[in-house]
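Reader: I'm new to protein structures and don't know where to look. Could you walk me through one?

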Amino acid sequence: MAGVKILNYELSPSPATIFGCLLPAPWMGVLTGLLLAFGPQQGLPDRFSPLALALTHCLVLGMLAPIMVGALFQLMPVVAGHAVPGARKIAPFVALGSALIAAGLSLGFLRGITAGFVFAGMLASLLYGAVTLVLLTAACKIAVVDSTTRSLRWTPLAFLMVVALGISLAGNFAGWWQLDVLYLLDLHVAWGLTGWIATLVVGIASTTVPMFWQTKRPSAYWHKALPGVLWLSLLLTFWPALQQFALLFACLVIFLLASIAFVAVWRAKRRFDPAWGLWLVCTASYMCAALLAALPPLLKHVGGFTLPDFISQALPWWIAVLVLIGGAVLPVNAMLGKIIPFLVFMHLRRQTPMGQRVPTMQTVLPPQRLLWQARAVLLAYALLMLLPLAPAWLATAAGIAFSISQGYLGSLLIECLLRYRHELKAVFPTK
Amino acid sequence: MKKLVLQHTECDEQLNRCEAALHKGDMAAAQRNFRLFSEQLDSHFSLEEGKLFPALEKATGMLHGPTVVMRAEHAEIRSLRDEANAAIEAGQADQALAVLDTLNVLIQQHNIKEENILYPMCGGSIPNLEEVLGMGSTCCGACSCA
């Protein structure tokens, strides 16, 4: 009993450790949007077009990976009671290193420069190897009490899997070895989208959405099932003969979980919060993504029905946008708009003598501004979904809209940081 | 323990009613609902600080453990509650909503800690817990039936 640790913000790493991972991320979102707007658009919306591949890695590695790693550095000590060893030393390199890896891969995809893959593969081995090592060290000590702590315990393994598969593919393109690219690609995508992104989003959301938006708390069944039920289908993907079955099973599970989450978010008590709509769209996105991903294999089984060419070509783009933007960028935007002001409030509260006022979360980040940011990112999302209709000019419009939405978020977060420093100086003039 | 969790829910609902009134600009209803929330919060904290925490400390011997953290958070919540009360009494709806937004988050994260960690600890460590809390067949004095 003496070893039991209560959830405690006293255990959280220094603001610099977390902010260093989180604050640069929206700016990589800006660059990703600009790349879409002004990059070589030939081949869009094909999933294997050079720009689509470069965009995916800029978004996932440049923007989402530092946020998710930063979130783990924060949540492992606060939620699970185990600090990540070396987080303070590694954190400064996470955002920059991830951006460089994304840049290397983008050069490889867009210009066919092999050195880009070599550079990305080597840097990813070093950086993500170190990140995985420290995360696993903390994760193996976590006592599981609910789906959040279970997700925190297991997601570093999924991260390791995605990174290992990614490095294997980069090595293949760099000419280091020859592997079955399509088989590895399927695994890389499945583990990346479901094992890493969806697992972490649902794991963190299970605690934070009821807390910030006052939805009904997830049931005991939900906590027991996650993330195991998501990973079950992933384990099946290793057997090529079972991949279709694994896909359908994953789609069914994701659709059911997303439907439950949709109802919970729909009934949230704090629907007036600016970011509430982002969560609602996020859950609906996972439902739609699951339906669309299940469509081709289902139709194939039902009398060999085939989809029209336009739909078949656009389907992978829509699924990717639904999961990466709807299922990852939207919740990440919603969380950043809450977590950063909350962390600022908590750190100021802990450093300010009791009885002395500290600025509220809404003073740190006014809700009106968050509402405009939410509207901007939803507009960009809509344009991205419409892109297959007119790729040539919608790519430019969607890219610019996405850049503006993320640039606005980035500037709001910098304002939060400046406010934090300002308030801290008022309390401790010598700091 | 279910009754303590129910008190959390009752406080949440009362705070929601107050926020709804503020959104409508009905300051009289906001004041009334906030007063009720404040009373429920005080009763709940008194029960925890006066009975539950000492019983846990006695049963486990942990004098510098979770109860210290929970007491500190109670102080933070009370401080923000007083700030919200001042704004509501002064008729400053926007300021009150801003404070209530943070107060709500502070309370929610505190409740999650209690319900996921502290209450299960109490349930497993304190013999005759219902009696200790005065939550047998008679009313505890902190719930909504009082």
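**Reading the backbone and the contact**

Author: Sure, and keep in mind that this is a predicted model. Let's begin in a loop: Pro227(A) sits between helix 8 (220–225) and helix 9 (228–236) of chain A.

Reader: Which peptide bond there is cis?

Author: The one joining Leu226(A) and Pro227(A), where omega is about -5°. Chain A also has a cis bond from Leu44(A) to Pro45(A), with omega near 5°. You'll find Pro45(A) in the loop between helix 2 (25–38) and helix 3 (50–80) of chain A.

Reader: OK, next angle. Which residue in the loop between helix 7 and helix 8 of chain A should I look at?

Author: Try Gln214(A). Its phi is positive, about 50°, although it is not a glycine. Chain B offers another case: Asn128(B) isn't a glycine either, yet has a positive phi of about 55°. Asn128(B) lies in the loop between helix 4 (93–125) and helix 5 (129–133) of chain B.

Reader: Is Gln214(A) buried or exposed?

Author: Count the C-beta neighbours inside 10 Å; 20 or more makes a residue buried, and 12 or fewer makes it exposed. Gln214(A) has 22 such neighbours, so it counts as buried. Asn128(B) has 9, so that one counts as exposed.

Reader: Now helices. How do I read one?

Author: Start with the general idea: an α-helix has 3.6 residues a turn, so residues three or four places apart point the same way. Then take helix 6 of chain A, residues 147–174. From first C-alpha to last, its 28 residues reach 39 Å, close to the 40 Å expected at 1.5 Å a residue.

Reader: Where does helix 6 of chain A bend?

Author: At Trp154(A), by about 35°. A proline, Pro156(A), follows within four residues of that point. After helix 6 of chain A comes Gly175(A), which has a positive phi, near 85°.

Reader: And how do I read the contact between the two chains?

Author: In general, the size of an interface is often given as the accessible area lost when the parts come together. Here we can go by residues: chain A puts in 24 and chain B puts in 25.

Reader: Which elements give two or more residues to the chain A side?

Author: Those are helix 7 (181–213), helix 12 (309–351) and helix 13 (361–364) of chain A. Sorted by class, the side of chain A that touches chain B has 13 nonpolar, seven polar and four charged residues.

Notes. Residues are numbered from 1 along each chain as its sequence is written. Chains are lettered from A and ligands numbered from 1 in the order in which they are written. This is a predicted model: local features need pLDDT of at least 70, side-chain atom pairs count only at pLDDT 80 or more; totals for chains, interfaces and linings use all residues. Two residues are in contact if their C-beta atoms, placed from the backbone, lie within 7 Å. Ala, Val, Leu, Ile, Met, Phe, Trp, Tyr, Cys and Pro count as nonpolar, Asp, Glu, Lys and Arg as charged, and the others, Gly among them, as polar. The expected span of a helix is 1.5 Å times one less than its number of residues. The bend at a residue is the angle between axes fitted to the seven residues ending there and the seven starting there.
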